[in-house]
Amino acid sequence: MPTGRGRLQALVGGRGRRPRRIAMLSVHTSPLHQPGTGDAGGMNVYIVELAKRLADLDIEVEVFTRAASSDDAPTVQLAPGVLVRHVTAGPYEGLVKEDLPAQLCAFTHGVLRTEAGHRPGHYDLVHSHYWLSGHVGWLAAERWGVPLVHTMHTMAKVKNAALADGDSPEPAARVIGETQVVEAADRLIANTAEEADELARHYAALPGQLAVVHPGVNLDVFRPGDQRAARARLGLPQDAAVLLFAGRIQPLKAPDVLLKAVAELLAREPGLRERLVVPVVGGPSGTGLARPESLHKLAAQLGISDVVRFHPPVGQQVLAEWYRAATALVMPSHSESFGLVALEAQACGTPVVAAAVGGLPVAVRDAVTGTLVHGHRPEAWAEALRPYVTDRALVARRGAAAARHAARFGWDAAAAATAEVYAGAMAGRGAGRLRFA
Ligand code: UDP
C-alpha cells in the first residue's frame, strides 16, 4: 500500500487536483477543548481525528476557531500538519453559541486576513463544520475561488422534529442560515445515508452535492481491555452491572430516560439494587445548562441516588476505561446525527443499548452488538436493559461482536473518503450546481 500522497493518489485514481492545504472552519468550538460538556462534543473529536488523518495523507489542515480565552495563543500545533488558528471575534469569555451569529463578520475578517498574509492559492479548499462556520466558509471560498465542503453535524429541522418534552426548539434564524449554507456548498458530507436524505428533504440539497462518509473511531485509544483493571482504577465494584451514560448532559440526549428506566427495573426487581451502578460521565450542555442540577434532582425523586454516580467529563484515554468497565453503554437520545460514543464503547468491546434514531442504527447492530429501542417509554427501556443486567453470556457475546463491528470504522477510511470528496469538489465532478459559472 503506498503511503502519504501516493496513497491519496491511488485512492482518488489521479482524477482532478488534490488539495495540498485546506482551511477547516470550526467557529463555535475548538478542537483543543475537552469534549463531553458545553459546546464541545462529537464535532470536536471529529475535527481532531479527521484533521490528523488528512495530514497523514499529506493534506495540510489549518483549523480556524474563535479565541475563547486570553490564554489562547494565536496558533497552536495540534499535530504534524495540523495547525489551530485562534481568531479574535468578540470578547473571549461570556459569549454563548447563540451570540455568535453577530460575530461572524469579525470571524470572517480574521480568516480573510490570515489568507491575505500568504501568497494567493494558499488554501485549496474550505471545509466548514456546523452552520455558523458554513457562513464564514461561504464567503471565504468564494473570495479565494476554491470549493466549499460543508458538514452539518446537526440540523435545526431534524432536532426540532424530535424535541424532548419541554425542550426549546432551535430558532428559525438557524434554519434560514442552514438553508443558505446548503445552497452555497459544493459538497455536503453527511454521516449516514439517512442524514443525506434529511439534507435533501428538509434543505433541498441536490444529489450531486451529497456525499456520505461514516465517521470513525480511534481504534488505538478505544480498544478492548481488562474490565477488572478498569473497574479497580475507577473504583467500581467488580461484580456490578454497570449501565454507563457518557456525553453532554442535555434533554436531547435523554439521560432522564435511562434514570427512569433504571427506577422501573428496580421497582420490578428490587434484588438488582445491590448490583446496579449507573455512572453518568459528562457535563451540562445546550438547553441542559439552564438547569444543571435537574438530573441529580430526578435521581433523588426516583429514589435511585444510591445507584447513580455523576462524574465530570474525562479525556479520551480515561473514557476508554469507563467503556471497558461498563456492562453496557446506554444512549437514549431523541436525535443523534451519528453518536460517536456508541462506536467508541463498542470498539472497547462493550455492547450498546441505543435509541433507534439518526445514525445510531448504523453504529449499532440490533440484537448483535447491542439493542435498538424504539421510542422513549421507560418501561420499554427497562425491558431492553434487563438482559444486560442479568445475562452475562449475552453481554460477552454482544461485546465481542461490538468490537468486531466497530473495527470497521477507523478514521483512516473516513479521511480517505473525505479526501476523495475534496478531490471531486476541486474537479467539479458530478456537482449538482456550478458555483463559479
Ligand atoms: N467525550 C469525552 N469525554 C467525556 C464524554 C464524552 O471525550 O467525558 C467525547 C466522546 O469521546 C465522543 C464525544 O465526546 O467522541 C461525544 O460525541 P457524540 O457524537 O456521542 O455526541 P455529540 O457531542 O456530538 O452530540
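Two strands count as paired if DSSP finds at least two bridges between them. Helices (H or I, at least four residues) and strands (E, at least two) are DSSP runs, numbered from the N terminus. This is a predicted model, in which local features need pLDDT of at least 70 and side-chain atom pairs count only at pLDDT 80 or more, while totals for chains, interfaces and linings use all residues. Residues are numbered from 1 along each chain as its sequence is written.

**Exercise 1. Work out the order and the edges of the open sheet of six strands.**

Step 1. Lay out the strands: the order is 11-10-9-12-13-14, and the pairing is parallel.

Step 2. Look for strands that pair on one side only; these edge strands are strand 11 (308–311) and strand 14 (370–373).

Step 3. Compare neighbours: they are turned by 20° against each other on average, direction ignored. Axes here are lines fitted to C-alpha atoms, for helices over the stretch in contact, and angles run from 0 to 180 degrees between N-to-C directions.

Step 4. Zoom in on one pair. Strand 12 (residues 328–331) and strand 13 (residues 352–355) are joined in the parallel sense by three bridges, and L329 faces V352 of strand 13.

Step 5. Add the helix. Helix 12 packs on the sheet and touches strand 9 (241–246), strand 12 and strand 13. Its direction makes about 175° with that of strand 12. Contact means that the C-beta atoms of two residues, placed from the backbone, lie within 7 Å.

**Exercise 2. Trace the partners of strand 4 (residues 82–87).**

Step 1. Start with strand 3 (residues 75–79), which runs antiparallel to strand 4 and is joined to it by four bridges. Across this pair, V76 stands opposite V84, and A79 has V82 as its bridge partner.

Step 2. Inspect the turn: the hairpin has two residues between the strands, and G81 takes a positive phi near 85°.

Step 3. Now take strand 2 (residues 60–66), which pairs with strand 4 in the parallel sense over six bridges. Here F64 has R85 as its bridge partner.

**Exercise 3. Describe the two domains and the ligand shell.**

Step 1. Set the bounds: domain 1 covers 4–216 + 411–427 and domain 2 covers 227–406, with bounds from an automatic or database domain assignment. Their C-alpha centres lie 30 Å apart.

Step 2. Examine the contact, which takes 23 residues from domain 1 and 21 residues from domain 2. On the domain 1 side, helix 2, helix 5 (156–160) and helix 7 (193–203) each supply at least two residues.

Step 3. Turn to the ligand. Of the 20 residues around it, G36, G41, G42, P313 and L340 come nearest; a residue is near if its C-beta atom, placed from the backbone, lies within 6 Å. Each domain gives the shell at least three residues. Helix 2 (42–56), helix 11 (316–325) and helix 12 (340–347) each provide at least two.

**Exercise 4. Decide how far to trust the chain ends.**

Step 1. Begin with the whole chain: its mean pLDDT (the predictor's confidence in each residue, from 0 to 100) is 93, and 94% of residues reach 70 or more.

Step 2. Check the ends. The pLDDT is below 50 over residues 1–14, a stretch with 19 contacts in the model beyond near neighbours in sequence. Residues 430–437 are also below 50, with eleven such contacts.

Step 3. Conclude: where pLDDT is low, the predicted coordinates should not be read in detail.
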